[in-house]
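Let's take a walk through this model together, starting with the overall fold and ending among individual side chains. Keep the viewer open as you read.

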Amino acid sequence: MHEDLVDHLTRSTQLQRGEALRVIQDVLAYFDETTEAYVRRRHRELQGQGLVNTEIFERIAADLRYRAVAPPELSLRQLRRIVYG
């Protein structure tokens, strides 16, 4: 799986083949998270940092624009509905 990327990483870094494969698998797993799961996770994390919902939902909306596979743009109301149902 992704042999060309594994080859590239072993040529361009000091990673061994097994290490490069693990890095790729970790990155793919990170970006495999659904939009809904990401929104819920980030909401919990930011709430844990003491931010209020107004700040949290604006930050999440901004962050979603930079996900590897950009989801559709969600309104603040849609973000709240993902978290609270």
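In this predicted model, the chain has 5 helices and 0 strands. Reading along the sequence, you will meet the pattern α-α-α-α-α. How do those helices fill space? The radius of gyration of the chain is 17 Å, well over the 12 Å that the globule rule gives for 85 residues, so the chain is more spread out than a compact globule. You can see this in the C-alpha trace as well, which spans about 45 × 25 × 20 Å along its principal axes.

The domain assignment adds to this picture. It splits the chain into domain 1, residues 1-32, and domain 2, residues 35-84. The centres of domain 1 and domain 2, taken over C-alpha atoms, are 29 Å apart.

A few totals for the whole chain are handy before we zoom in. Of the 85 residues in the chain, 24% are buried. The chain exposes about 6,200 Å², and carbon and sulfur atoms supply 52% of that area. As for contacts between residues at least 6 apart in sequence, 36% of them join residues at least 24 apart.

Let's begin the close-up with helix H2, which covers residues 17-31 and contains Tyr30. Is Tyr30 buried, exposed or partly exposed? Its relative accessible area is 44%, and because this value falls between the 20% limit for buried and the 50% limit for exposed, Tyr30 counts as partly exposed. Tyr30 also belongs to a nonpolar patch on the surface, together with Val23, Val27 and Phe31. The four residues of this patch have about 340 Å² of accessible area together.

Two members of that patch lead us onward. Tyr30 and Phe31 are both touched by Arg67, which also touches Glu33 and Tyr38, not counting residues up to four places away in sequence. Arg67 itself is found in the loop between helix H4 (53-64) and H5. Despite its place in a loop, Arg67 counts as buried, because its relative accessibility is 11%, under the 20% limit.

Now turn to helix H3, which runs over residues 35-48 and holds Arg42. Arg42 is buried too, because its relative accessible area is 15%. Leaving out residues up to four places away in sequence, Arg42 touches Arg59, Ile60 and Asp63.

Helix H3 is also a good place to look at charged pairs. The count of salt bridges comes to 8, and several of them can be followed from one side chain to the next. Start at Glu33, whose side chain meets that of Arg41 in a salt bridge with an N to O distance of 2.9 Å. Glu33 counts as partly exposed at 22% relative accessibility, and Arg41 is partly exposed as well, with a relative accessible area of 21%.

From Arg41, step to Glu45: their side chains form a salt bridge at 2.8 Å, N to O. Both Glu45 and Arg41 lie in helix H3, 4 residues apart, which is about one turn of the helix. Glu45 is partly exposed, with a relative accessible area of 31%.

What other arginine does the side chain of Glu45 meet in a salt bridge? The partner is Arg42, at 2.7 Å, N to O. Glu45 and Arg42 sit 3 residues apart in helix H3, again about one turn of the helix. Salt bridges that share partners join Glu33, Arg41, Arg42, Glu45, Asp63 and Arg67 into one network. Some of these residues have appeared above in other roles: Asp63 is among the residues that Arg42 touches, and Glu33 is among those that Arg67 touches.

We finish in helix H5, residues 76-84, where Arg81 is found. Is this arginine buried or exposed? Arg81 is exposed, because its relative accessible area of 53% is over the 50% limit. Although Arg81 and Glu36 are 45 residues apart along the chain, their C-alpha atoms are separated by 9.8 Å.

Note on methods. Residues are numbered from 1 along each chain as its sequence is written. This is a predicted model: local features need pLDDT of at least 70, side-chain atom pairs count only at pLDDT 80 or more; totals for chains, interfaces and linings use all residues. Side-chain values use heavy atoms; hydrogens and water are left out. Patches are made of residues with over 30% relative accessible area and no salt bridge: like charges are joined within 9 Å, nonpolar side chains (Val, Leu, Ile, Met, Phe, Trp, Tyr) within 5 Å. Accessible areas come from the Shrake-Rupley method with a 1.4 Å probe; for residues, only the protein chains shown count as cover. Helices (H or I, at least four residues) and strands (E, at least two) are DSSP runs, numbered from the N terminus. Buried means under 20% relative accessible area, exposed over 50%, partly exposed in between (1.4 Å probe, protein chains only). The radius of gyration is taken over C-alpha atoms; the globule rule is 2.2 Å times the number of residues to the power 0.38. Contact means heavy atoms within 4.5 Å. Domain bounds come from an automatic or database domain assignment.
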